[in-house]
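Q: Could you go through this model with me? I'd like the overall layout, then the packing, then the parts to be careful with.

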Amino acid sequence: MKSVHNSKKHPADPELLLLKAELRAAQGELSFAYRQFDQALAPELIDCCIYEINAAKARCDYLIRAIKERCPGAAAAAVMEESRAWT
């Protein structure tokens, strides 16, 4: 006898979707900050880039923690997205 499973998916958590979108944006900002750092020549600009890199990293870390708290299974996907941003 076949068991019938409810094939309807649960609706996506809008806050989780927002957090993931914010994480992608923060990862883009981090990538941009690294590109600026690579091209900076003046010591003042280098300091500014380091500040921006640290701020973007902190934001990514915060968003990853928030995603883990919201949905522990989604945390692995978030970390995978982050690691792909650097390859």
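Q: In what order do the elements run from the N terminus?
A: This is a predicted model, and its elements run α-α-α from the N terminus on.

Q: How many helices and strands is that?
A: Three helices and zero strands.

Q: Take H2. What should its residues span, and how far apart are its end C-alpha atoms?
A: Helix H2 covers residues 43-70, which is 28 residues. At 1.5 Å a residue they should span 40 Å, and the end C-alpha atoms are 41 Å apart, so the two values agree.

Q: Which residues of H2 are buried?
A: Cys49, Ile53, Ala56, Cys60, Leu63, Ile64, Ala66 and Ile67.

Q: And what are the relative accessible areas of the two cysteines in that list, Cys49 and Cys60?
A: Cys49 has 6% and Cys60 has 1%. Each is under the 20% cut-off, so Cys49 counts as buried, and so does Cys60.

Q: How many disulfides are there?
A: The count is zero.

Q: Why is Cys49 not bonded to Cys48?
A: Because their sulfurs are 5.7 Å apart, which is too far for a bond; a disulfide needs the sulfur atoms within 2.5 Å. For Cys49, the sulfur in Cys48 is the closest cysteine sulfur.

Q: On to packing. How many residues are in the largest nonpolar core, and which have the most contacts inside it?
A: It has 13 residues, and those with the most contacts inside it are Leu19, Leu23, Leu30, Cys60, Leu63 and Ile67. Helix H1 (14-39) and H2 each supply at least two residues of this core. The largest share, seven residues, comes from H2.

Q: What does Leu19 touch, leaving aside neighbours within four places in sequence?
A: Leu19 is in contact with Leu63, Ala66, Ile67 and Arg70.

Q: What share of contacts join residues at least 24 apart?
A: 64%, counted among contacts between residues at least 6 apart in sequence.

Q: How much of the protein is buried, and how much area is exposed?
A: Of the 87 residues, 24% count as buried. The protein exposes about 6,700 Å², and carbon and sulfur atoms supply 60% of that area.

Q: What about confidence: what is the average pLDDT?
A: The average is 82, and 71% of the residues score at least 70.

Q: Where does pLDDT stay under 50?
A: Over residues 1-7. The model has zero contacts beyond four places in sequence for that stretch. Where pLDDT is low, the predicted coordinates should not be read in detail.

Methods. Residues are numbered from 1 along each chain as its sequence is written. This is a predicted model: local features need pLDDT of at least 70, side-chain atom pairs count only at pLDDT 80 or more; totals for chains, interfaces and linings use all residues. Side-chain values use heavy atoms; hydrogens and water are left out. Helices (H or I, at least four residues) and strands (E, at least two) are DSSP runs, numbered from the N terminus. Buried means under 20% relative accessible area, exposed over 50%, partly exposed in between (1.4 Å probe, protein chains only). Contact means heavy atoms within 4.5 Å. Accessible areas come from the Shrake-Rupley method with a 1.4 Å probe; for residues, only the protein chains shown count as cover. The expected span of a helix is 1.5 Å times one less than its number of residues. A nonpolar core is a set of buried Ala, Val, Leu, Ile, Met, Phe, Trp, Tyr and Cys residues joined through side-chain atoms within 4.5 Å. pLDDT is the predictor's confidence in each residue, from 0 to 100.
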